[in-house]
Each structure stands twice: as C-alpha cells, then as structure tokens.
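Please read the numbered points below with the structure open beside you, finding each residue before going on to the next sentence. The points go from charged pairs to strands, and then to the surface and the interior.

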Amino acid sequence: MTLLTPLVNLSSVPESGHYGRYGAVRPDGCPADGPAPTTDGPADGLSTGGGTDGLAAGTVAELTRLLFDGEDRERAHGMWRDLISKDIFRHRPGLAAEERIALSYELLRLVNDTAGDAERLADDPRLLAALHEWAAIVDGGGGLCTVASIHYNLFLGSLLDHGGATVRDLSDFTSLRRTGTFLCTELDHGNDASALETTAELDPVTGGFVLHTPHEGAQKFMPNTSLTGGPKTAVVAARLLVEGRDEGVFLFLTPLSDENGLLPGVRVRRLPLRTGAPVDHCLTAFDRVPLPRGALLESEHGRLDADGRLHSSLGNRRKRFLRSIGRVTMGKLCMSGAAIGATRAALALAVRHGDLRQVSGPRAGERIPVNAHRPHHGRLLKGLATGYAMTFLHRSALARWAAEHTGPDTGRRAEAERIVAIAKGWITWQARDIAVECRERCGAQGLFAANGLSEFPHYIEGTITAEGDNLVIWVKAAAEMLFEHQPARQAPEPPGGVERLADPRHLLGLLARAESVWQDRARTALRQGPSGDPVERWNGASSAALEMVSVHARLRAAEAFLDAAAEARRPEARALLERLCLLFLLEQVGRHTGDLLADGHLSADQVRALPGFLDDLLRDLAPRMTELVEAFDLPAAYLDAIPLAASGRVRLTDQIATEEPADYGSAR
C-alpha cells in the first residue's frame, strides 16, 4: 500500500496495475487487461495529463511562468524564443564545419538586430543569460552560443566594466562592424591564467604600450580570431610592465584585423576542429604590436598616471587580475544557462520520441509507446526532476549575482561568486549526464545528426571547461567553504516513521546533515595532514571537501526548487512541483543513507522503504511527463523540424533505385 497521495485518480484501477497516459499498466510496465482509463475528475485537483486542455493547460502555463523568471519572462526570454523560431535557425546537419562557423556569425548579426541595444544586452545579467538558454538549442548546441558569449559578455562587457562609452566609442562593436573576442588563456597557462606571460610594456617615448608574445607557450589559446565573420578586435590579457616592474595582468583593447586581413604584427593560426560546436578557434600571437595609451582598460582596480605610476584600490596583483577579468563570473552564468537550455531541449525530444515510438505490447499484434515502460520513463523522469532543479538553482544564483555584483567587494559579493561557480559546475555536469541519457533513450534514432540530439553532449562538454574548468573551480570553492561556510546544524532528532520520507522539508534537512558530515570529515583530514607538505595535506582533505561542495550544490538546488513551488498560484502546479522535487530529493538523500543511518538521522525501516517511495513517485509522475516538457515552451517550429520529435523516425535523404520497390507499409 502506497504512503504517497497519488497525483492521478486511481480509484478504478485494478490492484494489479495503475492507469497512466497509456492505459492500465502492470507492475512490469506493460498494459494490463481492464477497463478504459477513468474519466472521473482528477484527484487533489490535478489533471491526469495526456494533453493540455482544461486544468492541464493551466498547469503547463503556470510551470512555464515559474521556470522562466515569472513576471520578467517576456522581457528576458520572449525575444529570444521568437528569434529561434525563424526558419534560418532550423537545424542543418549537412553543412560542413566552415559553413557552420560562418553561419554562427550570420546568426550573431540577427541576435544583434533583435537586441536593438547591444550595451543593454551586455549589461543586463538576466537578458544575457536568457540569450544563452535559447541560443544553445540551435543546431544541437551550435557555435552561435559561443560567439555570442564571447562578443557580448567577455568583450563588450569588459569594455563596459572599464568605463564603457564614457571612455571610448563602442559603436563599431555594438553595430557589429567589428566583432569582439577575448584573449586570456595561453598555451602554457589555462587555469593558472594569473601567471600568463604575454606582455604589454609601457613605451616611455610614446606613452603607449608594446604588446608582445615572448615565446611559443605564451600564444593565446583557442580565441575565435580568424578572418571568418569579418574584422575583429580583441580584449587581450597581458602583463603590464613599467620600467621593468611587473604590475600584474591587465586588459588591453587590441585591433586584430580589418577588411584587408590581419594587422601588422598579429599572427593567427587555425587550430584543428574540436568536438562540439564548430568555432574558428586559433592560436594567436603578437610581435611587438604598438598600442595607444587608451588601449589599457582602467578602473578603480588600477589606473596609470602620466608618470607611469600605478594607483589601485586593491592590495595585490592577483586581486587586480581577478577584478579585471570579472566578466568570467557572468560567463559562468552564461554557461549554466546554455547547459540548461540544451538539457531542456534534449528532454523534450526524448519524451516526445517515447510517446511516438511504438513497441510490442503484451497481446499479439498490440503496439504500445515505449514511454509506457518504467525502465524507460523512470530515467527520463529523474532527468526531468534534475532539469527543473537545475533551472531553479540557476535562477537563484543569477538573482543573487545580479543583486550583489555591482556593490563593494564584501563577503556577500564573494559568496555570490562562489554560489555561481558551484552552480555552474553542478549544472553543466548534470546536463551532460541527462543529454547522454536522452540520446540513449532514443536508440539509434538519437544518433542521426538530423535529429539534433547527438551533438548536445559534445556541446555541453564545452560548457564544463569554459569560464573555469569545473573541477578547478570546485576545488577553489571547497577550500573557501572549509573556512568560511558553516552549514546549518540542527539538533539530532529521532528519525520517526517511514512516512517522513514523503516530506520534502524533512528530506531537505537530511541533505543539510549530509553536508555537515562531509565538511567535518574534510576539516578533520586537513588538521591531521602533514604540516610541512601543504599539497599532501590538501590532497588528504580534498575528496571529502569536494563531496561537501557536491552536496551543497544539490541542497541549494532543492531549496530553490521548493521556493519556486511555493510561488505557484495554482494548487495543482504547486502539488506537481512539490512531487517532482520530492523525487529529486529522494534521489539525493539516497546517496547518503549510510552516513545518515550511522548517525541516527535515518532508521533502518526508512532506508528499506526508500526504493518503494521512489517507485511510487515514478508511477504517479509518469502520466505528467508531457506537461512537464511542454512547460519548457520550446517553439513549435523547432520541434516540428526534428524528425524523432515530429514523426518518431528520421527521414530518408537518399534512395538506392531497385527494380522492384519494396513495400514497407507503415513499419517504423
């Protein structure tokens, strides 16, 4: 007997099974004999799914509102959703890599025309992150998202953060007469970018600077600096040298090319194609390129006076460097948004395909949707629960950053940056796993490029590495949290009965206790490590510290999930979100049952009952999958152009002529 109140009316279902969207289903997932699905009113005010009429349509609309920034939805997301509905954004699997790269810049111009005010776009965190959510859907995670992120956030955003239009004319960049790019990472320096070796030496005669690449390892690695897309200008991170003094890394505005090609002293070599979205990645070097005095991007973190003396509000070179590349934090939010957009699209395609794909039923000649089977829809439902959690965590981190990033560099700002970094790591890692699962659930159909699904995992790999490698930024966050973060520590209480597993707030508390367990382990390991070997001392604590960060990310995601559910205006939408969050929380708590049992926070009966609770949730949520993905609000033009989402199978592109054409009937 289930301990969970069902989401659908099961009053007329025989004990051997339940009614889902696909009729009565036996425990093994196949339809059972019995009457037609009930048409009685929904239990608890909830619809039974299978369409968007009546209550279901209202539920979908409310889920969409909550997923997409509430009352800010139309401003932040509306224009981008409308833009990718246009025919030019349809998936084109037959294009060569060079054609796809050129198309990315063509689409970038359409983005610019749609935005209207490029400075406003670059300076509005919600609008900019929303662009990435929708651009990532295009072409299986195409190059548009990459070049847009570089131009608007890293390039134009850096200019705005260092004086903007009050210091220099930005019209060439806001009109895309010149495309912007960002050169920081070097061949020898990736995650240790503060140690990069490109130099910009103050010229005492001209008052300008000489930009130079001193050796091969100092070449800028992977920027999109080719001639594709038209003339380009870069923001280049280089070490400022003044009379032999190393003043640290600053940014310099550097033209790279014009209508006639590369400018003198600029050397660009194309890199081989990588997996994922094709972009014109290059190695870029400078041979004593002269720059004017105004090329230096200055602000409170560093200004150079007429005598060559540096004045800074920050105490050391590392802090000045981090402030100068502050746009990387917004870039993390852009990467999270892109990964979430790709995840939602992958889930929508997989669920639609599962509705369309027919397999053999239990009776001779019977065909049923593959989504009828628990092993199939269970994995997609878990992906949906995580996908919703990812979205709400992203919204929470973005709101926190938008509120804090323009203020003074206080602990609140530092914590907001850490939340953004932790969220980016967790979201992009989860996105990759879900995209792979969705591809697999679509079988061989998911492998065809025409279905726009197989490239999502490769694209998401790029978001995992971009704007800070996930593992590295989590290591930094782990070290900070060991000393600066104190999880909520509640007094121990009896675990109670198994019915407490149906309470999301109780599960949230269990997850918080798991975070405390891992923090205590990491701190103990750090204290016991060898005092004379800081690397080995950290090595001994790092595994527990990283697990602490992982639990913290899931805890923050669950909190954001439940907060969103509480904001629902319709009771049926609130109940559905709470049930989906319960599925997410049971999955997360299930990873820590050993520790929670050992410390007395869970009982043995609860641990034994947990798998049954999960299965009950999967049973009750299965009829709601269509509503859950319809709430993603993907344009019909996008979905209709994907064969496996529109017809369930890939279209033929070529046929081999035969003397007697075969008749395949309606076989799929």
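1. R309, in this predicted model, is partly exposed, with a relative accessible area of 47%, a value that lies between the 20% below which a residue is called buried and the 50% above which a residue is called exposed. The side chain of R309 forms a salt bridge with D305, and the closest N and O atoms of the two are 3.4 Å apart. Elsewhere, salt bridges that share partners join E62, R65, E71 and R569 into one network.

2. How many salt bridges does the count come to? The count comes to 44 salt bridges, and one of them joins the side chains of D633 and R81, with 3.1 Å from N to O. This pair links distant parts of the chain, since D633 is in the loop between α19 (625-630) and α20 (636-640), whereas R81 is in helix α2 (residues 73-84), 552 residues apart. D633 counts as buried because its relative accessibility is 18%, which is under the cut-off of 20%, while R81 counts as partly exposed because its relative accessibility is 21%.

3. A further salt bridge is found between E186 and K220, whose closest N and O atoms are 3.2 Å apart. Here too the pair links distant parts of the chain, with E186 in the loop between β3 (179-183) and β4, K220 in strand β6, and their positions 34 residues apart. Are these two residues buried or exposed? E186 is buried, with a relative accessible area of 2%, and K220 is also buried, with a relative accessible area of 0%.

4. Strand β4 deserves a careful look. Four bridges join β4 (residues 199-202) to β5 (residues 209-212), and these two strands run antiparallel, whereas three bridges join β4 to β7, and that pair runs parallel. T199 shows both pairings, as its bridge partner in β5 is H212 and its bridge partner in β7 is R239. When you follow the side chains along a strand, it helps to recall that in a regular strand they alternate between the two faces of the sheet.

5. The hairpin of β4 and β5 has six residues between the strands, and in this hairpin G207 takes a positive phi near 80 degrees. You may wish to find G207 after tracing the two strands of the hairpin.

6. Which residues make the nonpolar surface patch of about 220 Å²? The patch is made by L187, F221 and M222. M222 has its place in the loop between β6 (220-221) and β7 (232-242), and M222 is partly exposed, with a relative accessible area of 31%; this residue can therefore be part of a patch, as patches are made of residues with over 30% relative accessible area and no salt bridge.

7. The last point concerns the interior. Rolling a probe the size of a water molecule over the atoms shows where empty space is left. A search of the whole structure finds six cavities of 30 Å³ or more, and the largest cavity has a volume of about 110 Å³. This largest cavity is lined by 15 residues, of which L103, S104, L107, V138 and D139 are the closest to its centre. Both α3 (97-115) and α6 (143-161) supply at least two residues of the lining, and α3 gives the most, with four residues.

Definitions and conventions:
Residues are numbered from 1 along each chain as its sequence is written. This is a predicted model: local features need pLDDT of at least 70, side-chain atom pairs count only at pLDDT 80 or more; totals for chains, interfaces and linings use all residues. Side-chain values use heavy atoms; hydrogens and water are left out. Patches are made of residues with over 30% relative accessible area and no salt bridge: like charges are joined within 9 Å, nonpolar side chains (Val, Leu, Ile, Met, Phe, Trp, Tyr) within 5 Å. Accessible areas come from the Shrake-Rupley method with a 1.4 Å probe; for residues, only the protein chains shown count as cover. A salt bridge is a side-chain nitrogen of Lys or Arg within 4 Å of a carboxyl oxygen of Asp or Glu. Buried means under 20% relative accessible area, exposed over 50%, partly exposed in between (1.4 Å probe, protein chains only). Two strands pair if DSSP finds at least two bridges between them. On a 1 Å grid over the protein atoms alone, a cavity is a set of points where a 1.4 Å probe fits but cannot get out, and a pocket is an open set with protein on both sides within 12 Å along at least five of seven lines; lining residues have an atom within 4 Å of a point. Grid points are joined across faces, edges and corners, and a volume is the space filled by probe spheres set on the points.
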